[in-house]
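Open your viewer, get the sequence panel ready, and let's take a walk through this protein together. You will select one group of residues at a time.

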Amino acid sequence: MNPLRQLTLDQLRQRTSMKWRYYPEDVLPVWVAEMDVLLAEPVARAITDAVARGDTGYPAGTAYAEALSGFAKKRWDWEPAVERMAIVPDVMLGVVEMFRLVSHRDAPVVVNCPVYPPFYQFVESLGRSVVEAPLDAASRIDFAALEQAFVRAGRGAVYLLCNPQNPTGTVHTAAELSQVAELARRHGIRVVADEIHAPVTTSDFVPYLSVADDGLSLMSASKAWNLAGLKAALAIAGPAAADDLARLPEEVGHGASHVGVLAHTAAFRDGVGWLDGLLDGLDDNRRLLTELLAEHLPAVRYTPAPGTYLAWLDCRELGLGDDPARTFLKQGRVALNSGLPFGTGGAGFVRMNLATSPEVLTEAVRRMASGWAAASS
């Protein structure tokens, strides 16, 4: 069953989360990474059972780590060691803690842009600088640019790898990740991988730690099972980074939600059937979006990608300037993410959330076309 076909627009508008309440009610939201789905039944049951027991204290135990390890072995033929995992509040807060473990307090952070805007926000809030290594024209890692960024950042810096890449949906190959690891070692750079979208891939996903034993990774069920409001993630160390993770302060794990841990555990352990239905639905939506753009906005360039549930749309030929999302919102009453906060390479682009019903997706493109026509008249 396709989870993206279960809810009507009227039902979605009853939600009180950011996606549905940030903009006025006449705006159709296809922006922030919340999915328009009901929870997978095993996840919902884990939550309601915990509430019925009054089981709402502090997180404990290794069930979450065991569930992720089992999922990874079946899905990616990679079995991370439970003893090299630690609970953290969420992926980005976990990223911050990994920075503290492996680098000095003002070490620069290298990122591949365009990339998830909080990469910039969290780094800058720590008082650190971002060094950009733009992706190439095919949205893949440009290794000449990456090496130049490593040189500029200097030994002791950190490379924050996005795998799969948000917003492009690129899934890095084993060869690419091996080259990343070799380059990082040569330049004295530590690699921290944000792999939150890892379960949302329709091609072969390669965990960074399956090719690099000295890296650190952050994973979560948050994106794949729509659990952003139930905070819990796992930090994972490669064998050569185990001592780094062992220095993580115990109190960091207290910031995760116990109910969140139970929900994420149930997702990885028992929610695979639901996830497979979601992935099929996302593939349907990628095909639908391709058709809709060809019909209504043929100047927009879109390459369906195998990772994430996000679409990166090149709107530069529409003549709407660096921030087409502003026009789509003002003239079409549809909310997309502006490409500008994603860093170099984001001007003229928008990011669209495909994790919605075909009806909402169709209406979103219709509104985009209407907004462009109004702005061009």
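The tour below goes from a sheet and its helices to a buried strand, and then to some charged pairs.

Before we start, note that this is a predicted model: local features need pLDDT of at least 70, side-chain atom pairs count only at pLDDT 80 or more, and totals for chains, interfaces and linings use all residues. Residues are numbered from 1 along each chain as its sequence is written, and side-chain values use heavy atoms, with hydrogens and water left out.

**Stop 1: the sheet**

Switch to a cartoon view and look for an open sheet of seven strands, in the order β2-β8-β7-β6-β5-β3-β4, with mixed pairing. Select 85-88 and 130-132 to see its edge strands, β2 and β4, each of which pairs on one side only. Neighbouring strands of this sheet are turned by 25° against each other on average, direction ignored. Two terms help here. Helices (H or I, at least four residues) and strands (E, at least two) are DSSP runs, numbered from the N terminus. Two strands pair if DSSP finds at least two bridges between them.

Now select residues 109-111, which are strand β3; three bridges join β3 to β4, and the two run parallel. Which residue of β4 is the bridge partner of valine 111? Click on glutamate 132 to find that partner.

**Stop 2: two helices on the sheet**

Select residues 63-76 to light up helix α4, which packs on the sheet and touches β2, β7 (216-219) and β8 (233-237). Contact here means heavy atoms within 4.5 Å. The direction of α4 makes about 70° with that of β8. Such axes are lines fitted to C-alpha atoms, for helices over the stretch in contact, and angles run from 0 to 180 degrees between N-to-C directions.

Next, select residues 143-153 for helix α7, lying across β3, β4 and β5 (158-162) and running at about 150° to β4.

**Stop 3: a buried strand**

Select residues 349-353, strand β12. Is this strand enclosed or open? Five of its five residues are buried, so β12 is largely enclosed by the rest of the structure. Buried means under 20% relative accessible area, exposed over 50%, and partly exposed in between (1.4 Å probe, protein chains only). In a regular strand the side chains alternate between the two faces of the sheet. Show side chains: Phe349, Arg351 and Asn353 are on one side of β12, Val350 and Met352 on the other.

Add residues 310-314, strand β9, joined to β12 by five bridges in an antiparallel run. Within this pair, alanine 311 has methionine 352 as its bridge partner. Then add residues 337-338, strand β11, which pairs with β12 in the antiparallel sense over two bridges. Asparagine 337 stands opposite arginine 351 and is buried, at 14% relative accessibility.

**Stop 4: charged pairs**

Side chains of opposite charge can pair when their charged atoms come close. A salt bridge is a side-chain nitrogen of Lys or Arg within 4 Å of a carboxyl oxygen of Asp or Glu, and the count comes to 23.

Select aspartate 314 and arginine 316, which meet in a salt bridge at 2.7 Å, N to O. Aspartate 314 is buried at 6%, whereas arginine 316 is partly exposed at 49%. Add Arg301 and Glu317 to show the network of salt bridges that links them with Asp314 and Arg316.

Finish at arginine 53 and aspartate 55, a salt bridge with the closest N and O atoms 3.0 Å apart. Arginine 53 is exposed at 54%, and aspartate 55 is partly exposed at 24%.
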